[in-house]
Amino acid sequence: MAGQLLISWAVTVAAVYGLLLATYVATCLAVTRLNRHIAVAKIQARQTPPALIRRDRRQSALSLLAIAAMFGTGHWLYAEFGWGWKPVGRFPGGMLAFVGSLVLFDTWFYWFHRLIHTPLFYARVHRWHHLTVTPVVWSNNSDRLIDNLFLQSYWLVAHFLIPAAPAVLLLHKLYDQVTGVIGHSGWEHGGIWCWPPSPLVGVTHHDQHHRFFRCNYATHFTLWDRLMGTLHPEHDAELKRNIRATAALR
Ligand SMILES: [Zn+2]
Ligand SMILES: [Zn+2]
């Protein structure tokens, strides 16, 4: 029995890892290709050192394993032991659960991200990710293990926080993976979807976080940053400029 449980846990984690790694690599390659057509609209003039890109690629492969272990364990506990809330119905419950999970994770991410920017945690937890000032697609998951424990442990406990079906949480994680890679790409791909007052973040949001460091802590929406006064004062103006610059080349 214990052996069977261990096998089902390992299979679950391996399947999630395979899916996340494939999504990471496919999105990185696809966005890199898209960037070639809009080369002159690059947000930062600075180039990222190749050694740093290799570091980010290697570390992302490791970090994704840690995320898969957390997501997989959360799913396994739910599937094997029924731990967590019973999901709400498919429609419109599934849609509501998806949006609810986006808002909840964004809240989780915003506050833990602010916490690991404090002097008590920064050097030991989060500095690694910020050594890349001009992020590239491959930088998305380049974090220390302990950084993942702060920002990504949502996936371990999500079934206890929100009555979402496993497919809804997986869809959200894949959305997070794809938008995270795009958010580090160095070119504004957000387009009209992110035009203020849209609450969705564009690439400019997290690019400014890497450049200016003490602003723009959220991951899906600009809401918490606006509410708490941590949005970069030039965010909206620069976002509009970057969207226009990309649109002019398409
Ligand atoms: Zn940060
Ligand atoms: Zn980043």
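Visitor: Is H129 buried or exposed?
Guide: Welcome! Keep in mind that this is a predicted model. Buried means under 20% relative accessible area. H129 has a relative accessibility of 6%, so this histidine counts as buried.

Visitor: Which residues are the protein donors of the zinc ion (ligand 2)?
Guide: Along the chain, the donors follow the spacing H-x54-H-x21-H-x3-H. Each donates through its NE2 atom, at 1.9 to 2.1 Å from the zinc ion (ligand 2). The donors are H129, H184, H206 and H210.

Visitor: How many residues apart are H129 and H184?
Guide: H129 sits in helix 4 (residues 122–130). H184 belongs to the loop between helix 7 (166–183) and helix 8 (203–212), and the pair links distant parts of the chain. The two are 55 residues apart.

Visitor: Is H184 buried or exposed?
Guide: The cut-off for buried is under 20% relative accessible area. For H184 the value is 5%, so H184 is buried.

Visitor: Is the arrangement of donor atoms around the zinc ion (ligand 2) tetrahedral or irregular?
Guide: Four donors count as tetrahedral if all angles lie between 85 and 135 degrees. Here the 4 donor atoms subtend angles of 95 to 145 degrees. The range reaches past the tetrahedral limit, so the arrangement is irregular.

Visitor: Which residues make the nonpolar surface patch of about 470 Å²?
Guide: One of them is L104, which lies in helix 3 (residues 90–115). With a relative accessible area of 32%, L104 is partly exposed. The patch is made by F81, W83, L104, F160 and L161.

Visitor: Which side chain does Q152 join in a polar contact of 3.1 Å?
Guide: Let's start with the setting of Q152, in the loop between helix 5 (145–151) and helix 6 (154–161). Its relative accessibility is 8%, so Q152 counts as buried. The side chain on the other end of the contact belongs to W155.

Visitor: How many salt bridges does a search of the whole structure find?
Guide: Among them is the one where the side chains of R55 and D56 meet. Another joins R211 with D207. The search of the whole structure finds 5.

Visitor: What is the N to O distance in the salt bridge of R55 and D56?
Guide: Both partners can be placed by their accessibility. R55 is buried, with a relative accessible area of 11%, and D56 counts as buried at 1%. Their side chains meet with an N to O distance of 2.8 Å.

Visitor: In which helix do R211 and D207 both lie?
Guide: The closest N and O atoms of their salt bridge are 3.1 Å apart. D207 is buried, with a relative accessible area of 1%, whereas R211 is partly exposed at 24%. The two residues are 4 residues apart, about one turn of the helix, and that helix is helix 8.

Visitor: Which residues do salt bridges that share partners join into one network?
Guide: The side chains of E238 and R211 also meet in a salt bridge, at 3.0 Å from N to O. E238 lies in helix 10 (residues 235–247) and R211 in helix 8, so this pair ties together parts that are 27 residues apart in sequence. E238 is buried, with a relative accessible area of 8%. The network joins D207, R211 and E238.

Notes: Residues numbered from 1 in each chain as written. Chains lettered and ligands numbered in written order. Predicted model: local features only at pLDDT ≥ 70, side-chain atom pairs only at ≥ 80, totals over all residues. Heavy atoms only, no water. Donors = N, O, S within 2.8 Å, 3.2 Å for Na, K, Ca; no water. Tetrahedral: all angles 85-135°; square planar, octahedral: opposite > 155°, others 65-115°. Buried < 20%, exposed > 50% of the residue type's maximum accessible area, 1.4 Å probe, protein only. Patch = residues over 30% accessible without salt bridge, like charges linked within 9 Å, V, L, I, M, F, W, Y side chains within 5 Å. Areas by Shrake-Rupley, 256 points an atom, 1.4 Å probe, with all protein chains shown as cover. Salt bridge = Lys/Arg side-chain N within 4 Å of Asp/Glu carboxyl O. Polar contact = N/O pair within 3.5 Å; in protein donor to acceptor, adjacent residues only side chain to side chain.
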